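Here's a quick tour of a protein with a ligand bound. Have a look at the model first, then we'll go through the fold, the core and the ligand site.

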Amino acid sequence: MPSTSGAGGDSGAADSTPDGPAVAAALNDLGPLGPGVWVELAVAADIEAVEAVSEILTRFAPGGTSVEPGFGLTDEGLGAVIDTTKPAIVRAYLTGLDPAGVEAAIAEATTALGHLQAFGLRPIGDLQVRTVREVDWAEAWKSHFPVLRVGRRLVIRPTWRRHHHEPEDVVLSLDPGMAFGTGLHPTTRLCLAALETLADEGLLATGSARDGAARIIDVGCGSGILAIAAGKLGAGELLGVDTDPIAVESTAANARLNSQTRRLRVRQGSVPSGEGPFDLVLANLIASLLVQLAKALRGELAPGGRILASGIFRDREGDVRAAFEAAGLRLGRRWAEEDWVALEAIAV
Ligand code: SAH
């Protein structure tokens, strides 16, 4: 049964489906629909049920769905970490220009979700319905990005949020609107946590940069999140490369935002970079690219240097390991989260 934030509402309309009066009541609570008004459908669902719920909502929302993972609060509620044991929220938006269409969509979605709930496979919440006015729209999505803690001391702070940081915290300010790499994707988180481990071992503070710290290349830098974190964790020189010009712009903007422009250079491109050797290669790419680029990534390394490779779906781990070994790399540590794996590989 759909529920709205308001209570009651008269369910005058006679309806043939069992959900009819409830849907009419829900619509009454929404207030006037029309131009500039969107109807948000939201369902809380266990992580395993997200895809099925998403499929249902997509039937009614041509714009597709968004998924907000469950968060657990830290730092006395000032920060958050992703908690996969908590339900995620799937959202979809319908245009308010077609009130009859909205009513039909709510009724059908309620029925379809009811069937899914009846399967009882995984917990799925009730359909929540509310309106969003377009004028609030530009700001509305921002509330879905909390300050995020990764590893022990890395903190990813969306630019518009405040964070009272602990003395040891390393804070990155990012605008998640810009490119992949908000710190929310598991492959990015894995790589950040691994990077923090290397920093804790002193591996970023020593190397072949002019200042004696590590020289690092971030292959597929996206928003620049990994390179910026490496810079803040003590690396000496950083090069970010990405084939996508938007990513290059985004990394440059984020480098400025985080006062990393002296350390971090970025340009469009890939490997071979022609600028090696590096002490560390960061590569949060997909498995097939890691396999394809294994030799070129190896070619960037100084003797004893290492690759942090992430973005490996667990079924492809064997392929990446084999390609790295064939390229003359020794496999080191392994980090895993949900379906994703990150690997350390060392140039022998
Ligand atoms: N490093 C960021 C972004 C990872 S997404 C993070 O960890 O969050 C992967 C990035 O690799 C994308 O920005 C994509 O444009 C880039 N990319 C894809 N193929 C590439 C290639 N062959 N060489 C370099 N970058 C590539």
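## The overall picture

Nine helices and 16 strands make up the secondary structure of this protein. Keep in mind that you're looking at a predicted model. The protein has 348 residues, and 49% of them are buried.

On the outside, the accessible surface comes to about 16100 Å², with 54% of that belonging to carbon and sulfur atoms. As for how the chain meets itself, take the contacts between residues at least 6 apart in sequence: 64% of these join residues at least 24 apart.

## The nonpolar cores

In soluble globular proteins, nonpolar side chains tend to be buried together. Here, the largest nonpolar core holds 36 residues, and Leu195, Ile216 and Leu308 have the most contacts inside it. Which elements each supply at least two residues of this core? On the strand side, they are E4 (79–82), E7 (148–150), E8 (154–158), E9 (170–174) and E13 (278–284), and they're joined by helices H5 (186–200) and H6 (225–232). The top contributor is H5, which gives seven residues to this core.

Ile216 is worth a click. Skip its neighbours within four places in sequence and Ile216 is still in contact with Leu204, Ala230, Ala235, Glu237, Leu238, Leu239, Phe278, Leu280 and Leu282. Another core, of 28 residues, lies apart from the largest one; Val271, Ala287, Leu293 and Val341 are among its members.

## A look at Ile156

Ile156 is found in strand E8. Is Ile156 buried or exposed? Its relative accessible area is 3%, which is under the 20% cut-off, so Ile156 counts as buried. Ile156 and Leu172 are 16 residues apart along the chain, and their C-alpha atoms are separated by 4.9 Å.

## Around the ligand

How many residues surround the ligand? There are 16, and the closest are Thr188, Gly220, Asp242, Ser270 and Asn284. By type, the shell splits into six nonpolar, eight polar and two charged residues.

Three of the polar distances are easy to check on screen. A ligand nitrogen sits 2.7 Å from an N or O atom in the side chain of Ser270. At Gly220 the backbone does the job: one of its polar backbone atoms is 2.8 Å from a nitrogen atom of the ligand. For Asn284, an N or O atom of the side chain is 2.8 Å from an oxygen atom of the ligand. On its own the ligand has 570 Å² of accessible area, and the protein covers 82% of that.

Definitions and conventions: Residues numbered from 1 in each chain as written. Predicted model: local features only at pLDDT ≥ 70, side-chain atom pairs only at ≥ 80, totals over all residues. Heavy atoms only, no water. Near = heavy atom within 4 Å. Polar contact = N/O pair within 3.5 Å; in protein donor to acceptor, adjacent residues only side chain to side chain. Areas by Shrake-Rupley, 256 points an atom, 1.4 Å probe, with all protein chains shown as cover. Nonpolar A, V, L, I, M, F, W, Y, C, P; charged D, E, K, R; others polar. Core = buried A, V, L, I, M, F, W, Y, C linked by side-chain atoms within 4.5 Å. Buried < 20%, exposed > 50% of the residue type's maximum accessible area, 1.4 Å probe, protein only. Helix = DSSP H or I, 4+ residues; strand = E, 2+ residues; numbered from the N terminus. Contact = heavy atoms within 4.5 Å.
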